[in-house]
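Reader: I have a model open on my screen and would like to learn how to read its packing. Can you walk me through it?

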Amino acid sequence: MSLSLPRLRLSLLLGALCLAGCAPRRAESSRTTASVSPRSAADAPSLYDLTSRWKDHRGEEVSLSSLRGRPRAIAAIYTHCTATCPLALGEIKRIAAATDSSVGLVLVSLDPARDTPRALAMYASEHGLDPARWTLLAGSDADIRELAAALGIRYRRLDADAIAHANLITIVDANGVVVHQQTGFDGTADAIRIAQSLTH
Amino acid sequence: MRLAVLALSSMVSIPAGSYRPLYSTPDAPTIHVGAFRLDRTLVTRADFQRFVIAHPEWQRGKVKALFAEPAYLAGWKSPTVAGDVADLNRPVTSVSWFAARAYCAAQGKRLPTVDEWEYVAAASARRRDASADPEFRRHVLATVAARPRVPSSVGRSAPNAYGVQDVHDLVWEWTEDWNSVVVPDDSRSAGSSVDARDHHLYCASAALGARDPSDYPAFARFAVRASLTGRSTVNSVGFRCAA
């Protein structure tokens, strides 16, 4: 995405700043079912180029590149969320149910203060997430911020109990290249179709 | 060691304090900002040239696609030559957030947070908190509108009350958590992705929830942040580091 200075300046002078603020928002909305055309592996942006270290819900230290090798559906959560996280979990569970075990599911916690590996393990157990397919990741503030940037997930802590964040489900191929992103809850059928196509 | 000392002297100590962010209500508590240090001015092309020579993985043509758009360091003469002598003291732009972050980390520093940056940006030449001063606001607006199309050399503007330069004069700046500007996808539909407490973060209601709807420069900064991705390489965005 590029911003042209003249456009910003114009909007600034007009006081019509919502133009600049809202344009990408509309673009994101319309991206609900947009797919990124796969590029060759060598020059495609791969999430697995991030070198951060995480703890999974087993308490084991993992790198993101350890997720390489099969397609994954990735979403951000925090386990104390009572607003829309259960909905988001429901959507990614639908993807899990509609695909075979060759598609992995990844939940990244946005709440390093409370989502310890132990808390994530309890969450996985409460929600019946099969440990063979699901990976729950706990990381540092800086590493979460970086992965969120790579995924295009915006989030902000509102208070001790709430973290506002985009409900974005990302499908990556076996090399960690984003092939599909779904915002909101109305594009899951496409996400399922694309996840299925990656396993063939 | 000598280099490290020089690097430190290029930073300004910012005392702890509090500020009221743009997206806030009159009864909301102010945000506390702890003491930190901030680069006196923007990272220059010369600075970044030294960095990419020492860290070839951040050179144009070598940087991983995840970390920068194709326009990364556009305008450089070559992957390791940032331009003519006249270009070297300009702020580095067309630099992604990932690259800016890596640069700061290589100096033993980090990017400032949005709160830290905004806290410093509220200072006029004389007062640390001039955020409610209409004259200062007009000055910032005029300064931003008068930015040169190609950013000119750093360090020529008058320092603000903290001694920090080029805050509003040349470019927008990366912050560590620029992507904390939450712009929900379907805020007005059923099954909204963010709960009601967050309505003030929506663009359409920004003028209602913002501390002061007439603070156009602050709106502009948030609009820019909302428009960026971590890979964005925009020629109007540079950065400075904090510690």
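Author: Sure, let's begin with a term: a nonpolar core is a set of buried Ala, Val, Leu, Ile, Met, Phe, Trp, Tyr and Cys residues joined through C-beta atoms within 7 Å. Buried means that 20 or more other C-beta atoms, placed from the backbone, lie within 10 Å of a residue's own. This is a predicted model, where local features need pLDDT of at least 70, side-chain atom pairs count only at pLDDT 80 or more, and totals for chains, interfaces and linings use all residues. Residues are numbered from 1 along each chain as its sequence is written, with chains lettered from A and ligands numbered from 1 in the order in which they are written.

Reader: Which residues touch the most other members of the largest nonpolar core?

Author: In general, nonpolar side chains tend to be buried together in soluble globular proteins. Here the largest core has 116 residues, and A:Ala73, B:Ala99 and B:Ala100 touch the most other members. Its largest share, eight residues, comes from helix H7 (residues 216–227) of chain B; helices are DSSP runs of H or I, at least four residues, numbered from the N terminus.

Reader: How do H5(B) and H7(B) cross?

Author: Axes are lines fitted to C-alpha atoms over the stretch in contact, with angles from 0 to 180 degrees between N-to-C directions. The axes of H5 (residues 134–145) of chain B and H7(B) come within 8 Å and cross at roughly 45°. The two are therefore oblique, the class left after under 35 degrees (roughly parallel), over 145 (roughly antiparallel) and 65 to 115 (roughly perpendicular).

Reader: And what about chain A, how much of it is buried?

Author: Of its 200 residues, 46% count as buried. Chain A has six helices and nine strands, strands being DSSP runs of E, at least two residues.

Definitions and conventions. Buried ≥ 20, exposed ≤ 12 C-beta atoms within 10 Å, placed from the backbone.
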